[in-house]
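Reader: I would like to go through this model step by step, with the reasoning laid out before each answer. Could we begin with the structure itself?

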Amino acid sequence: MSDSPTAVQTHEGLHNPALLHHFATEEQQRDASNFGMWIFLGTEVMFFGGLFCAYLIYRGWYFGDFAAASKSINAALGATNTAVLICSSLTVVLAIWAAQTARRALMIAMLILTMIFGLGFLGIKGIEYHDKFVEHHVPGPSFSFEHEEIPGHPGQYANPRHAQIFFALYFIMTGLHALHMIVGLGIFTWLLIMAWRGYFTPHYHTPLEIGGLYWHFVDIIWIYLFPLLYLIDRHP
Amino acid sequence: MFDNFPLWPQRASSTAGNVDALFIFLIIVSGLMTLLVFSAIIYFAARYRHRKGVLAEQVEGSIPLELTWTIIPLGVFMVIFAWGAVVYFKSRTPPRDAAEVYVVAKQWMWKLEHAEGQREINELHVPVGRDVKLIMTSQDVIHSFFVPAFRMKQDVLPGRYTVLWFRATNPGTYHLFCAQYCGTQHSGMIGNIVVMEPAQYEAWMSGGSNGPLSAGGEKIFAELGCATCHRMDSQGRGPNLQGVFGKPVQLEDGRMVTADENYIRESILDPGAKVVKGFKPVMPTFQGLVSEEQVNALVAYVKSLGIPVPGGVKTSESMPAPQGAPGGGSQVQ
Amino acid sequence: MATATVPAVERENYLNKEYGVGSWLLTTDHKRIALLYLISITFFFFIGGFFALLIRLELLTPAGDLVQADTYNKLFTMHGQVMVFFFLIPSIPAVLGNFLVPMMVGAKDLAFPRINLLSWYLYIIAGIMMLHCMLTGGVDTGWTFYTPFSTAFSNTKVIEAGLAIFVAGFSSILTGLNFVVTIHRMRAPGMTWSRLPLFIWAHYATSIIQILGTPVIAITLVLVVAERALHLGIFDPKLGGDPLLFQHLFWFYSHPAVYIMILPSMGVVTEIIACFSRKRIFGYTFVALSSIAIAVFGFLVWAHHMFVAGISVYAALIFSMLSYSVAVPSAVKVFNWTATLYKGSIHYDAPMLYAFGFLGLFTMGGLTGLFLSALGIDMHVHDTYFVIAHFHYIMVGGALMGYLGGLHFWWPKISGKLYPEGWARLSALIVFLGFNLTFFPQFILGYLGMPRRYYQYPPEFQVLNVLSTAGATVLGIGYLLPMIYFLWSMRYGKPAPDNPWKAAGLEWQTQSPPTTFNFPEEPVVTWEAYNYDEIDRGHKEEVNVVG
C-alpha cells in the first residue's frame, strides 16, 4: 500500500499524485499538513518551555552569579549568530516565494543559502563551545569559576556552584537548540533534493511550507535564548 | 478495636481529633453521594430493564438539572476545602515558645537532638501537653517524618529546614515512619515517638545529656572563629547577631527578609546569597566544613542570643558552663 | 442482541486483504496499527501485572522475606513505569482510538497514517529499551524519579529507564497530534462538532493533554539524565540546585497524565451506556464540555502532589481549591450517565456490565479524591496506601474497566467474531469483586498509616494486606479470562453481523470487520449522534455506507 508520491506533472482533470489516498481534496491535505506542523511546534514550545522555566527560576534566585557567568560568554558571537539565523529565515521565505512563482533556480539557490547559514550558525556555536571548554566553564570535574566578579558589585565574587548551574543550562539549552538545527539541516537537505527533482510547483509545495515553519521556529527559539543567556546585566 | 486488626489509628495529638472529624465528615458526604448514585443506577437498571415491545423514551437533557448538580457539589466541595484549609493552616503554624527538637534524617535513620541537649536515634521522647516543634533537615535525599497517631507528616529536605509541630495528648508509644521513598531501607527507617507524663519526662531528661544544644553551638562559634567578625560590640566586619533571630533584616540589594532558621543556615553555608545592608560580602562559606548537627547547634546558639535573662541580656560571657562531657563540637556523621 | 444477518462467504476486509509479516509491519492502515498496539500493550500489561503479583505476595507477611529490599524497590518502580507509560497511557487511545477515530468521523484513515506507524515503532523502541533496562538490573527510584535520589544516590539504571520513557512520550505526542488534526480536518460532510460521538470529544481532550503535557516530562527526564550523567547540580542542593523544582516539572505533566488515562475511558463508557440504554446521552453538551474542562483544569492542579513537600502554605491553599474545581466536571459526567439510564431500555450484555462497574468504582475513586484534596486530610494520608487505593480505583476500576468494556463492545467490529457472552459476563463480575477486595482494604491501611513503598510493615497491618493479596489473585483471574476467550473467539467464535448491537455511530455502518478504506463512498451525515429512537423505530439512515 505504497502511498509515497513521485515527481510528475499535474494533468488537467486528474488527481495530483501528491494527493494522498485518504484525503478528499488537496486543500484538505494541505490544511492538515500545516495544522499538524503547527501542533508539533506547539509541543516544541512546551519542550523548550520546561527549560526556560528552570532557567528563569534560577536566574531569579542567583541573578548576580548568572550575570557574572553570562559576561563570560561571547555576546558578539551570539549576536552574529542571531543575524545569521534571521537571514536564514529570510532565505527560507524567499525559497517558498520562488516555489509559488515557479522560479526554480531561485528556489534552489535560496534553499542552499539557507543551509549555508545553518552550517555557519553551527560553526560559530562550535567556536563558542570550544572557548568554554578551554576556559574550564564546561560543567563537570574540570569546572572552574573562581574569582569572577559580579557585574556592578566590585569585590563580590560569584558562587561557582551557582555559576555551574548557569553553564549547565546554557549548554543544555543551546545544545538542544543546535540539535534542532541539525535536524533542520537534514530536513532541508531532503527538501533540496525534492526541489532539484522538480517536485515543487506553484500548485504544490506543502513540504517547503511546513519545513519552513519548522525552520522559523528554531530561529524564534534562538531569538529568546540569545538575550536571556548572553545579555544578563550587560553594560556598554 | 482489635489489637492485631485495628481499623482506626490511635489519636495522640491535638490535631488528630480535627483531622478525624473532617475525615468522618467526608465519609458521611461520600457515603451519601455513593448511596444516591448507586441507588439511582440500581433502580433505573432494574426499572427500565429492556422489555419486549417497550421503547426507550428520549429525554434530551435539562439545564436546570445540570446547573443544580454542578453548583451544589461545587458548594459542598468549597466547604470541604475551607474546613481542610483551616485544619492544615493551624497545624502548620507552630506556636511561639514551642520546645524545639532538631532532626537530621539520613539514609536510613532519624537523628534527633533536643534543644536541651539529649540526643536520640530513631526515637523521640516528648511530654504530654507540651508544644513541640521539629526543625528538620536531611543529610542526603528527601525523607518524610510521619507519625500516624498525630495525623501529621512533613517532608524532610536536603539543603534547607522544614518544620513540623505537634502537641501530644496521650501517653504511649507511637509509630514513626519515613514516608518519602529514600532507597534500600526506606521501610526500615522507622522508630517510635514516646509520649510521657511530664514527671516521667523530667526524669528521663535529667538522665544525662551533653548540655543544651545552644551551648554546643557556642563552642563551635568560638572554635570556628565566628566571633572574630560577629562581635557583640558591633565593631566587627560582620553583623552583631544579638537578638537577630526572628527579626526582619535589610539586605544589600534592598530586600527585606526574616532571620529564621533557614536564613541562619544559609548564611553559614552560602553567605554570599543574602548580604546584610552595610556589610561587605567577605564571609567565607562553611559548606563542607560543618555537619548538619553542627549547623543545628549554631542555629540554636544564634537563637539563644538576645533572649532576656534575669539581670540583663544574655551574652556569651553570661552563659552557664555546659554540664557533663563536652558534646556538640564533635563531628557526628 | 445480535439480530442482523451474517453473510455466508468471508468478504474482503482489512484483516484478509494482505497477508505476511511485511504487510503488517509496514502497514499504514489505522486498524492494523491498532491491532499492533493491542498486542504490544497486552504484553506490557502482563509484565506490569507480574510485578504487581510479586509485590502483593511479598506483602502477605509483615517481614521482608520474599525478595530483598532492593529488589522490592525495583518491583514497585517498574510496576508503576510499565503500567503508566507502557499500558495505561497508550491503551484506549492507541488501540480503540486508532481503530475508531477515523471511522467515527467518517474518514478513510487518520490524517497522518505514516506518523501513526512511526508512533507504534517509537513505542516498540521504548519498550525494548525498557525491557533491556529491566533485564539488566532494573531501576529503583519509584516511577516518580524524585531527586536527588534518582540523580545522585540510586545505583540502578535510571538513565536507561528515563530515556525509554522519553521515547514512549514521543509516541504519545504523535498519537495526540494525529487525533487533533483528524478530528478538525477529516470529518465527513455533515459531521458537525455537535454530531460527533462523545468518544471523539473525549479523545480530543485527551490529545490536547498529550500534546501540551508530554513534552514537559520529556525535558524533565532529559534534565535528570544530564544531571546524573554529567554530575550537574540542577536538582541537587549540594550543588546549588532545588529538588522541589524537579517535583514541579514532573507533576506538571504527570498530573494531566492521569486525565490522559481516564478521559478516553469515559468516552468509551459514554458510548456503551448510550447503546445499551437505547438512548441519546443525557446532557450531550455538558458531557462534551466537561471533557474539555477536565483537560484544562487538569493543568492547574499539579502541586496537590506536593502539599507536604515543602511548598508554602499559600501555594497549598490555592492548589487545594483548584483541585476541587477539577472534581466538578467528573461529577457532572457521573450524573449525566446515571440520568441516561432513566426511561431507557437497558440490556445487560458484557460491555454494559463493565460500564456499570466503571460507574461504581469511578464514583468511589473520585470521591476519595475529595479526601486527598483536603489539606487537613492529605497531611495524614499523603504517601500512604490511601493514595494507592485512590489511584487504583480510578486507573484500574475506572480506566481499565472502560478499556475492557470497549474491547468487548467493539470486538465484533474489530475481529468480525463474537466473544462468548456468558464467559464475558462472568469475567466482568470476577474483575469487579476481585478489584474491591484488593483495593478497599488499602483505604483503611492508608488511614492507619501504612506508608507506600514499604516491603516490611508492623504486624497489625497484616490482616488487611492478606485480604488485599487475596483480592489480587481473583483480579488476576478476571484479567486472564478475557485474554483466553478473545483469542479463542478469533478462531472459533461465531461470525459477527455488521452491527450486532444495533448501535449508532458511523463505525457500525461498515462491515464487520471493515474494509481497508472503511467506507466505499464518503458518508454524508444528516442525523444527530445517538439517534437510537430512529434506529429502534426502524427508520433507515439517510446514507448507504455499507457496500
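Author: This is a predicted model, and a sheet in chain B is a convenient place to begin. Its 5 strands follow the order 4-10-9-6-7 with mixed pairing, and the sheet they form is open.

Reader: Which strands of chain B are the edge strands of this sheet?

Author: The order of the sheet runs 4-10-9-6-7, and an edge strand here is one that pairs on one side only. Those that do so in chain B are strand 4 (123-127) and strand 7 (152-156).

Reader: By what angle are neighbouring strands of this sheet turned against each other on average, direction ignored?

Author: The pairing in this sheet of chain B is mixed, and the average for neighbouring strands is taken with direction ignored. On that basis, the turn between neighbours is 20°.

Reader: Do strand 6 and strand 7 of chain B run parallel or antiparallel, and which residue in strand 7 stands opposite B:His143?

Author: Strand 6 (residues 143-147) of chain B is joined to strand 7 of chain B by 5 bridges, and the two run antiparallel. Within strand 7, the residue opposite B:His143 is B:Val156.

Reader: Why is chain B described as more spread out than a compact globule?

Author: Chain B, with its 7 helices and 14 strands, has a C-alpha trace that spans about 100 × 50 × 45 Å along its principal axes. For 333 residues the globule rule gives 20 Å, and chain B is more spread out than a compact globule because its radius of gyration is well over that, at 27 Å.

Reader: How far apart do the C-alpha centres of the two domains of chain B lie?

Author: The assignment divides chain B into domain 1 (7-48 + 62-211) and domain 2 (213-318). Between them, 12 residues of domain 1 are in contact with 11 residues of domain 2, and strand 1 (99-106) and strand 5 (131-138) of chain B each give two or more residues to the domain 1 side. That side has 5 nonpolar, 5 polar and 2 charged residues, while the C-alpha centres of the two domains lie apart by 32 Å.

Reader: Turning to the contact between chain A and chain C, which element gives the most to the side of chain A?

Author: The contact draws 28 residues from chain A and 32 residues from chain C. On the chain A side, the elements giving two or more residues are helix 1 (26-61) and helix 5 (160-196), and the residues of that side divide into 15 nonpolar, 10 polar and 3 charged. The element that gives the most, with 15 residues, is helix 1 of chain A.

Notes: Residues numbered from 1 in each chain as written. Chains lettered and ligands numbered in written order. Predicted model: local features only at pLDDT ≥ 70, side-chain atom pairs only at ≥ 80, totals over all residues. Contact = placed C-beta atoms within 7 Å. Helix = DSSP H or I, 4+ residues; strand = E, 2+ residues; numbered from the N terminus. Nonpolar A, V, L, I, M, F, W, Y, C, P; charged D, E, K, R; others polar. Pairing = 2+ DSSP bridges. Axes fitted to C-alpha atoms, helices over the stretch in contact; angles between N-to-C directions. Rg over C-alpha atoms; globule rule 2.2 N^0.38 Å. Domains from an automatic or database assignment.
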